[in-house]
Amino acid sequence: MKDFEGRVVLVTGACGNLGSAVVTELQDRGAAVVCADAASLSAGAARGALQIGGLDLAQAADARAAVRAAVDRFGRIDALVNAIGGFRTGRIGETALDDWEVLFSINARIALTTSAAVIPGMTERHYGRIVHVAAAAGLRASAGVGVYSAAKSAVLRIAEAVAEEQGSNGIVC
């Protein structure tokens, strides 16, 4: 089934287990894929995909650079799949502030920066799809994963906000 034929999809976390599976599936379905990751992409490179490695997508400038590279190559981005994420355990009150910052950066901040980077082009074309991978932990916290749950909950709230704010512009999140 080639239901993504002619679509351009930016996938973050493209070198990770989930991201690489998403890339393969999208390519099998006919999409032109842009792989964006902090890692060097040569080892897990997807066939024919535009590969942009060495990024810190938590930085707005890097998120915009990834989008710019995709648009320079393909003319547009139809969809963003934000498959990047991170996990650490830790109880509230015992988790180091650095762990909070890492989890919020790799989960919530990247959802924010990548959304902000793709929205202008999608709004201009009145078409876009944004998928932010979260987790059930974002809906309900459990003991020992409070920081992770809070970060994933933030990802869900960002997705909800994008859907509410951009739905009238043809963007589905």
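In what order do the six strands of the open sheet lie? In this predicted model, the order is E3-E2-E1-E4-E5-E6, and the pairing is parallel. The two edge strands are E3, covering residues 50-52, and E6, covering residues 171-172; each of them pairs on one side only. Helpfully for anyone tracing the sheet by eye, strand E2 spans residues 32-36 and is joined to E3 in the parallel sense by three bridges. Within this pair of strands, cysteine 35 stands opposite glutamine 51 of E3.

A helix also belongs to this picture. Helix H3, made of residues 97-125, packs on the sheet and touches four strands: E1 (8-12), E4 (79-82), E5 (128-132) and E6. The direction of H3 makes about 175° with that of E5.

The next point of interest is how H3 meets a second helix. Two packed helices are described by the angle between their axes and the distance between the axes. For H3 and helix H4, the latter formed by residues 146-166, the angle is about 15° and the axes lie 8 Å apart. Because angles under 35 degrees count as roughly parallel, H3 is roughly parallel to H4. The crossing of H3 past H4 is right-handed.

Which residues does H3 bring to its meeting with H4? They are Asp99, Trp100, Leu103, Phe104, Asn107, Ala108, Ala111, Leu112, Ser115, Ile119 and Thr123. On the H4 side, they meet Val147, Tyr148, Ala150, Ala151, Lys152, Ala154, Val155, Ile158, Val162 and Gln166. Sorted by class, the contact of H3 with H4 contains 15 nonpolar residues, four polar residues and two charged residues.

Two single residues are worth a visit. The first is serine 149, which is found in helix H4. Is serine 149 buried or exposed? Its relative accessible area is 4%, and since buried means under 20%, serine 149 counts as buried. Leaving aside its neighbours within four places in sequence, serine 149 is in contact with Ala137, Gly138, Arg140, Ala141 and Ser142.

The second is histidine 126, located in the loop between H3 and E5. Histidine 126 has a positive phi of about 55°, although it is not a glycine. With a relative accessible area of 47%, histidine 126 is partly exposed: partly exposed is the class between the buried limit of 20% and the exposed limit of 50%, so a value of 47% belongs there.

Technical notes
Residues are numbered from 1 along each chain as its sequence is written. This is a predicted model: local features need pLDDT of at least 70, side-chain atom pairs count only at pLDDT 80 or more; totals for chains, interfaces and linings use all residues. Side-chain values use heavy atoms; hydrogens and water are left out. Two strands pair if DSSP finds at least two bridges between them. Contact means heavy atoms within 4.5 Å. Axes are lines fitted to C-alpha atoms, for helices over the stretch in contact, and angles run from 0 to 180 degrees between N-to-C directions. Angles under 35 degrees count as roughly parallel, over 145 as roughly antiparallel, 65 to 115 as roughly perpendicular and the rest as oblique. A crossing is left-handed if the near helix is turned anticlockwise from the far one by less than a right angle, and right-handed if clockwise. Ala, Val, Leu, Ile, Met, Phe, Trp, Tyr, Cys and Pro count as nonpolar, Asp, Glu, Lys and Arg as charged, and the others, Gly among them, as polar. Buried means under 20% relative accessible area, exposed over 50%, partly exposed in between (1.4 Å probe, protein chains only).
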